[in-house]
Amino acid sequence: MRNRIVEKPIGQDWLDQIFRSRAAMSGGVVRRRLADVEREIGVATLELEVRRRGFHMIECSDQLVIACCPKPVKIIC
């Protein structure tokens with residue numbers, strides 16, 4: 001029987017690291033530079049994962065801010 005090597009999609013480790021962080025696992029906020037996201041996986045891929053988890057993502061200047069909680073987000077000002 002041959003050993004099968006199952007490869008993760010490119011950038012999957014980087015993406016997993018975001019959502020394994022203490023902040024993400026406790027329902028907190030995670031932020032990443034837009035340039036880093038583009039280099040590692042692309043914004044569209046991150047957006048799909050954020051949506052899949054029921055979280056929220058905000059773009060502010062050169063940062064992407066992810067609220068790792070499925071509850072509604074209220075922007076005050």
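## A walk from one aromatic pair to the sheet and core

Search the whole structure and you find one aromatic pair. For this, rings of Phe, Tyr and Trp (its six-membered ring) pair if their centres lie within 6.5 Å; planes under 30 degrees apart count as stacked, over 60 as edge-to-face and the rest as tilted. Select F19 and F55: the pair is tilted, with 6.2 Å centre to centre and 40° between the planes. F19 sits in helix α1 (residues 12-20), while F55 is in the loop between α4 (43-52) and β2 (56-60), so the pair links distant parts of the chain, 36 residues apart. Helices (H or I, at least four residues) and strands (E, at least two) are DSSP runs, numbered from the N terminus.

Before going on, a word on the ground rules. You are looking at a predicted model, where local features need pLDDT of at least 70 and side-chain atom pairs count only at pLDDT 80 or more, while totals for chains, interfaces and linings use all residues. Residues are numbered from 1 along each chain as its sequence is written, and side-chain values use heavy atoms, with hydrogens and water left out.

**Stay with the two rings.** Are F19 and F55 buried or exposed? F19 counts as buried, at 7% relative accessibility, and F55 is buried too, with a relative accessible area of 17%. Buried means under 20% relative accessible area, exposed over 50%, partly exposed in between (1.4 Å probe, protein chains only). Now add R53: its charged end sits over the ring of F19, 4.1 Å from the ring centre. A charge sits over a ring if NZ of Lys or CZ of Arg is within 6 Å of the ring centre and within 35 degrees of the ring normal.

**Next, colour the strands.** In what order do the three strands of the open sheet run? The order is β1-β3-β2, and the pairing is antiparallel. Two strands pair if DSSP finds at least two bridges between them. β1 (29-33) and β2 stand at the edges with a single partner strand each, so one side of each has no neighbour in the sheet. From one strand to the next, the twist averages 20°. Axes here are lines fitted to C-alpha atoms, for helices over the stretch in contact, and angles run from 0 to 180 degrees between N-to-C directions.

Zoom in on β2 and strand β3 (residues 63-67), which pair in the antiparallel sense over five bridges. Pick out three residues and their bridge partners in β3:

- C60 is partnered by Q63.
- M57 is partnered by I66.
- H56 is partnered by A67.

The two strands form a hairpin with two residues between them, and S61 in the turn has a positive phi of about 60°.

On the other side of the pairing, β1 and β3 are joined in the antiparallel sense, also over five bridges. Here V29 stands opposite A67, and R32 stands opposite L64. Show the side chains of β1 and watch them alternate: V30 and R32 point to one face and are buried, whereas V29, R31 and R33 point to the other and are not.

**Click on Q63.** This residue of strand β3 is buried, with a relative accessible area of 15%. Outside its neighbours within four places in sequence, Q63 is in contact with R31, R32, R33, L34 and I58. Contact means heavy atoms within 4.5 Å.

**Bring back the helices.** α1 packs on the sheet and touches β1 and β3, its direction making about 145° with that of β1. α4 lies across β2 and β3, running at about 145° to β2.

**Finish in the core.** How many residues does the largest nonpolar core have? It has 15, and those with the most contacts inside it are I18, F19, V37, L46 and I66. A nonpolar core is a set of buried Ala, Val, Leu, Ile, Met, Phe, Trp, Tyr and Cys residues joined through side-chain atoms within 4.5 Å. α1, α4 and β3 each supply at least two residues of this core, and the largest share, four residues, comes from α1.

Select I18, found in helix α1: at 0% relative accessibility, I18 counts as buried. Not counting residues up to four places away in sequence, I18 touches A24, V30, R32, L46 and I66. Last stop, L46: leaving aside its neighbours within four places in sequence, L46 is in contact with residues including F19, where the tour began, and I18, V37 and I66.
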